[in-house]
Amino acid sequence: MSFARLREGGPLRKTVILAGLALFTFWSAAPILWLIISSLLEQKALIAQPPDLSPQNFTLENFSTVLAAAAALGRGIANSLIVSLFSTALALVLGAPAAYALARLPVPRANSIAFLILATQMLPGIAIAIPLFIVISKLGLIDNVLSLGIVYLSFNLPIVIWILRGFFLGIPSGIEKAAAVDGAGIFATFWYIVLPISLPPLSAAAVFAFVEAWNEFFFALILTRQQAQTVPLVIAQFAGQYQTVFGQMMAAAVISVAPVILLAVLFRNQIIRGFADGMMKG
Amino acid sequence: MTAIEIRNVSKIFGNYTACRDVNLAIAEGEFVTLLGASGCGKTTTLNMVAGLEDASSGDILMGGRRVNELSPVERDVAMVFQNYALYPHMTVARNIGFTLKMRGVSPSEIKERVEKVAAALELATMLDRLPAQLSGGQQQRVAIGRALVREPRYFLFDEPFSNLDANLRLKMRAEVKELHQRLGVTSIFVTHDQEEAMSISDRIAVMNGGRIEQLGTPEEIYARPATRYVATFIGSPRIELAAGEIGADGSIRAGAATIPLVAGAGLAPGRPIEFGIRPEYVTLGDSGIPATVRLVQPVGPTTHVTLDWEGGMLLANLPGFVRLNSGMPVKAAIDSRHLLIFDRQSGERLSH
């Protein structure tokens with residue numbers, strides 16, 4: 001639904017569409033809104049039935065407490081950054097050429113290979129958790145940031161390949177033919193022509209991979225102990241054995257989603273174009 | 001001297017034969033057009049000459065050397081594509097200069113050569129723009145500039161004007177022809193537009209169903225088409241054909257109508273034929289075939305008149321504006337020396 005077509009419709013049509021969009025926006029944004037509100041409420045007001053939203057109950061105390069005990073959260077954020085950046089960067093570096101090869105080069109059975117790559121994502125996490133744990137612990141790499149990064153890379157690579165392959169398939173082949181006539185080989189075509197025009201899907205794939213790694217909980221729980229704990233684990237620890245300090249947990253969560261939201265806002269245009277190009281044509 | 005030679009070249013995609021046994025020899029400096037409807041194999045043939053597609057069988061020779069296994073660069077071809085195929089993220093200057101960069105030419109020399117080409121194509125003020133900021137005609141000129149800058153031995157054009165509006169197409173056609181007259185680079189041009197092919201080419205290869213149906217100068221193709229297909233594909237307004245047979249006296253019989261041929265034409269009586277005549281050889285007057293005016297379409301210099309007669313439809317292209325109304329009975333005189341007669345079975349033209 002483009003805005004041009006929205007403008008063409010009658011007033012009733014417009015109202016219905018706008019109401020639908022408003023509902024969808026609320027649906028998507030409500031949890032985040034509630035996260036922010038609860039991070040600013042005192043524990044007592046928050047757990048009251050219903051929550052007491054009167055202005056005197058709002059406080060920044062949760063944030064100051066969480067930041068005072070910053071060691072754990074700080075380390076968690078640092079670990080998450082390392083793991084997410086590492087797995088995202090490597091997924092792009094490896095995934096982009098792989099996607100291009102599967103889209104354009106005379107690779108025998110390229111479609112089957114692409115499907116196999118996708119199929120690896122169809123196994124439930126729990127099915128590979130135990131073998132993965134055994135392998136990584138035999139290697140002595142439990143509680144190691146890089147081993148977690150490599151595990152995330154194995155999740156991100158297929159996604160990156162699929163997003164980019166879809167986009168590469170949609171590039172008019174005339175441009176690559178022109179490059180061939182201009183004297184560019186496969187690598188030069190890829191580097192000078194294909195990659196620069198693929199910035200939107202590259203950004204979309206990068207943000208997607210980054211967020212996947214940043215938010216991942218299950219494998220981080222299994223494969224880390226203390227040193228390599230990522231943000232989701234640190235946040236979960238606010239749920240204590242005897243009581244859960246919801247306000248502080250929410251404050252930590254707000255701090256941890258900030259980078260992701262920032263990323264999404266910064267790359268908004270590229271992400272939308274990237275997903276539209278990559279997935280629909282694919 | 002033969003610059004490009006295509007010998008018994010076929011191209012098969014799965015169970016579809018795009019080109020079969022194509023043979024074509026192009027002389028140095030010649031401008032040859034591959035003309036045909038979509039799907040006739042003309043672009044596939046061009047791609048094989050360019051090195052963008054492998055021939056399934058047969059040989060392609062350039063400068064006397066077999067080039068089947070060579071890349072486009074090694075063949076020293078430059079190509080202009082239908083959708084321009086400009087690099088959308090590069091400025092005009094970088095688009096034109098990219099091929100030189102790929103050849104390791106120094107940046108200062110690239111700049112100099114790009115500017116020279118841009119000046120020749122009236123693109124000098126647009127070097128810093130992106131393709132999206134240019135009009136269709138300007139984009140096409142950039143695509144031509146990209147081909148020119150390298151000073152290649154061969155130019156290949158793949159329907160370069162089909163995305164331009166009618167006026168611009170005429171202008172670009174003239175520009176390409178002038179360019180060819182000035183540089184004399186051997187060129188192959190692909191189009192489905194018969195008028196474009198006629199106006200620009202030294203010779204035309206009319207393709208149909210993956211084969212070259214006729215190869216000849218524009219005049220040969222127009223005046224002496226080898227087959228029914230060529231006759232009807234070439235010419236605007238289109239020639240209309242009628243079925244008939246050769247009478248005992250050597251004239252054409254179509255129903256009750258008799259069209260005399262020049263004495264001694266030598267066609268066997270009783271032979272089933274199809275025949276037609278180019279609209280410019282039809283005149284309306286006091287004698288001739290009885291017909292009725294169906295449609296009158298003035299186009300300025302001439303008027304296209306569609307007539308119904310016993311054998312079907314007949315087109316006349318009369319000079320200036322004419323006073324005729326639809327439904328009017330007329331007599332159409334045809335200049336039988338210019339009759340095109342085809343064998344009804346084989347579709348081949350019979351000389352008379």
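## A tour of chains A and B

Select Glu245(B) first: in β12(B), its bridge partner is Arg253(B). Keep in mind throughout that the model on screen is a predicted one.

Now widen the selection to the whole of β11, residues 241-246 of chain B, and to β12, residues 252-254 of that chain, which pair in the antiparallel sense over two bridges. These two strands form a hairpin with five residues between them, and in the turn you can pick out Gly250(B), which has a positive phi of about 85°. Next add strand β14, residues 272-276 of chain B, which pairs with β11(B) in the antiparallel sense over five bridges. Returning to Glu245(B), you will find that this residue also stands opposite Pro272(B) in β14(B), while its partner in β12(B) is Arg253(B), as at the start of the tour.

Further along chain B, select strands β15 to β19, which form an open sheet of five strands in the order β15-β19-β16-β17-β18, with antiparallel pairing. The edge strands are β15 (282-285) and β18 (312-319) of chain B, each of which pairs on one side only. If you look across this sheet, neighbouring strands are turned by 45° against each other on average, with direction ignored. As background for this view, strands of a sheet pair through backbone hydrogen bonds, either parallel or antiparallel.

Within the sheet, isolate β17 (residues 302-309) of chain B together with β18(B), since this pair can be followed strand against strand: the two run in the antiparallel sense over eight bridges. Here Leu307(B) stands opposite Leu314(B) in β18(B).

For the next stop, display both chains and select the contact between them, which takes 18 residues from chain B and 14 residues from chain A. On the side of chain B that touches chain A, α2 (72-75), β6 (77-80) and α3 (92-102) each supply at least two residues. Coloured by residue class, that side of chain B divides into 13 nonpolar, three polar and two charged residues.

Finish in chain A with helix α4 (residues 61-68) and helix α14 (residues 246-266), whose axes come within 8 Å and cross at roughly 75°. Because angles of 65 to 115 degrees count as roughly perpendicular, α4(A) is therefore roughly perpendicular to α14(A). To show the contact, select Asn62(A), Phe63(A), Thr65(A) and Val66(A) on α4(A), and on α14(A) select Gly247(A), Gln248(A), Met250(A), Ala251(A), Ala252(A) and Ile255(A). The residues of this contact divide into six nonpolar, four polar and no charged.

Conventions:
Residues numbered from 1 in each chain as written. Chains lettered and ligands numbered in written order. Predicted model: local features only at pLDDT ≥ 70, side-chain atom pairs only at ≥ 80, totals over all residues. Pairing = 2+ DSSP bridges. Helix = DSSP H or I, 4+ residues; strand = E, 2+ residues; numbered from the N terminus. Axes fitted to C-alpha atoms, helices over the stretch in contact; angles between N-to-C directions. Contact = placed C-beta atoms within 7 Å. Nonpolar A, V, L, I, M, F, W, Y, C, P; charged D, E, K, R; others polar. Parallel < 35°, antiparallel > 145°, perpendicular 65-115°, else oblique.
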